[in-house]
Amino acid sequence: SQSRYRFTKGTGTVLIANTDATTNVAITSGNNEITYIPTSHGESIIEFTINNKFGSSIKKTAIVNVTSNYVLTLTANSDQGGTVTGGGTFTHGQIVGAIATPATGYSFDGWYKNSAKESDLTNYSFPILSDITLTAKFLQNQYTVQSSAEQGGTVTGGGTYTYGQKATVSVTADAGYQFDGWYEGTTRKSTLEEYEFTVTYATHLTAKFKQIQYTVSVSAEQGGTVSITGGPTYTYGQNPILTATPASGYSFEGWYEGTTKINSTAQFILEIKSNRNLTAKFVLSQYTIEATADQGGTVTGGGVFIQNQNVSLTATSASGYSFDGWYQGLIRVSQSANYSFNALNSLTLVAKFKINQYIITISADQGGSANSGISTYTHGESVLLTAIATPATGYSFDGWYKNSAKESDLTNYSFPILSDIT
């Protein structure tokens, strides 16, 4: 700051500044006064002459010590980046301190005078020699966010962020894996698949995954047993073999999950993608009984039967035939035309028949003769009976009789034989 020294003339006097002898001051003068202004800190010499009205001159010399005051002005480039302290008014040469305190998330870049950096120190001390304005420059911190994935999935997100900025990282688990969490070192920060957070420092987030453990439950309904390889838990793609074994008299019907039939093979490989609950269903075995007839008759019965179900077969002989038996291949299994048994397996039975054999007994009453005797014929075979009269006079042929009933008047009687006859 400047100190002014003003001298005002009295009545009848003249003030004359002695510029040659005066140092370190600026002089202004007028009709009535002289003003001396020191131009530098320290000692200044002021000299002037007074001419009075009596014609005498008086030379005056003054030595002035000037102490200057300077203003230190401190500012910051950002209202949010930090604070400054230490500004004020100070005397020439006094050691002053400019203190910059960064706010959270900011860093101090330096003290600037206009565009020139004066110091990198947050606590900057220096002797003040003039008025000065210093600006503290604060920079918002930049942080790197990295994301990576262990086996079992993929991640997106990461990059460079300023302090307080929101960052988002996302994860997608592979099939058969579940997301366990975002980890910073050994610390789990979040279990959210899409994790948003405020960046306050540099970080590396690792997505960790766990293999899903699936359970497979298998059971059997009445009629059999089941087995499964491995277990009791399985991971994705670890496919066990399921086997269903029917009990005697039962057949495997299918593998069911709830009410849905998923496989009809007793043994198959199960694909594991989730928890599974399967039931093996069995049914009583079904057997086909086929009944056929050879020439000489007909049959009824046969069809499809379950285990131990009663089967009834009936063989009916045609005219002139007799039932010989039920045959399985070359083996006769029954001689009864009405054959009943329990179904234990599939089979084919053939009813066989025999053509009937008949006996004819021929005789003649008194008065003649015939081709008497006993002869055997097959059913339907033609038989010729001949009656021959005897030499006895007085007899004639009356007829052929079966019991008391006349069968024919012909001496040569031909007929198909259909039964035993006398």
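This is a guided walk through the chain, from its overall make-up to a few individual residues.

Keep in mind as you look around that the model is predicted. The chain is built on strands: there are 45 of them and zero helices. It has 422 residues, and 32% of these count as buried. If you take the contacts in the chain with a separation of 6 or more, 51% of them are between residues 24 or more positions apart. On the outside, the chain exposes about 24,400 Å², and carbon and sulfur atoms supply 47% of that area.

Let's start on the inside. The largest nonpolar core has 17 residues, and L72, W111, F126, I128 and L134 are the ones that touch the most other members. Strands β7 (69–76), β10 (95–102), β11, β13 (123–127) and β14 (132–140) each supply at least two residues of this core. The strand that gives the most is β14, with four residues. L72 is a good place to center your view: leaving aside neighbours within four places in sequence, L72 is in contact with G86, G87, G88, F90, V96, F126, I128, I132 and L134. Apart from this core lies another, of 16 residues, and W326, Y339, A343 and L349 are among them. We will meet two of these names again further on.

Stay for a moment with β11 (106–113), because the loop between it and β12 (116–119) holds N114. What is the phi of N114? It is near 60°, a positive value in a residue other than glycine. That is worth a second look, since most residues other than glycine have a negative phi. N114 has a relative accessibility of 74%, so this residue counts as exposed. A second asparagine shows a similar backbone feature: N308 is not a glycine, yet has a positive phi of about 70°. You will find N308 in the loop between β33 (303–306) and β34 (310–317). With a relative accessible area of 44%, N308 is partly exposed.

Next, move to T203, which is found in strand β22 (residues 203–211). Is T203 buried or exposed? Its relative accessibility is 8%, and the cut-off for buried is under 20%, so T203 counts as buried. Leaving aside neighbours within four places in sequence, the residues in contact with T203 are T144, V145, Q146, E184 and F197. With E184 there is also a polar contact of 2.3 Å between the two side chains. The C-alpha atom of T203 is separated by 9.5 Å from that of G158, a residue 45 positions away along the chain.

A little further along the sequence you come to an open sheet of five strands, in the order β25-β23-β30-β27-β28, with mixed pairing. The edges are taken by β25 (233–234) and β28 (260–263); each has a single partner strand, so one side of each is left without a neighbour in the sheet. The link from β25 to β23 (residues 214–220) consists of two bridges, and these strands run antiparallel. Within that pair, Y214 stands opposite Y234 of β25. Now look at the loop between β24 (224–228) and β25, where P232 has its place. The peptide bond that joins G231 and P232 is cis, with omega about 5°. For comparison, most peptide bonds are trans.

Our last stop is the region around β35 (residues 321–328). This strand runs antiparallel to β38 (residues 347–355), and six bridges join the two. One of the pairings puts S322 together with K354 in β38. With β36, β35 also pairs in the antiparallel sense, here over three bridges. Q328 stands opposite I331 in β36. These two strands form a hairpin with two residues between them, and there G329 takes a positive phi near 70°.

Strand β36 (residues 331–334) includes S334. At 13% relative accessibility, S334 counts as buried. Leaving aside neighbours within four places in sequence, S334 is in contact with F323, G325, W326 and Y339. W326 and Y339 are the two names promised earlier, among the residues of the 16-residue core. S334 also reaches toward the backbone: a polar atom of its side chain lies 3.1 Å from the backbone nitrogen of S336.

Key: Residues are numbered from 1 along each chain as its sequence is written. This is a predicted model: local features need pLDDT of at least 70, side-chain atom pairs count only at pLDDT 80 or more; totals for chains, interfaces and linings use all residues. Side-chain values use heavy atoms; hydrogens and water are left out. Buried means under 20% relative accessible area, exposed over 50%, partly exposed in between (1.4 Å probe, protein chains only). Contact means heavy atoms within 4.5 Å. Accessible areas come from the Shrake-Rupley method with a 1.4 Å probe; for residues, only the protein chains shown count as cover. A polar contact is a pair of N or O atoms within 3.5 Å; within protein, one must be able to donate a hydrogen and the other to accept it, and residues adjacent in sequence count only if both atoms are side-chain atoms. Two strands pair if DSSP finds at least two bridges between them. A nonpolar core is a set of buried Ala, Val, Leu, Ile, Met, Phe, Trp, Tyr and Cys residues joined through side-chain atoms within 4.5 Å.
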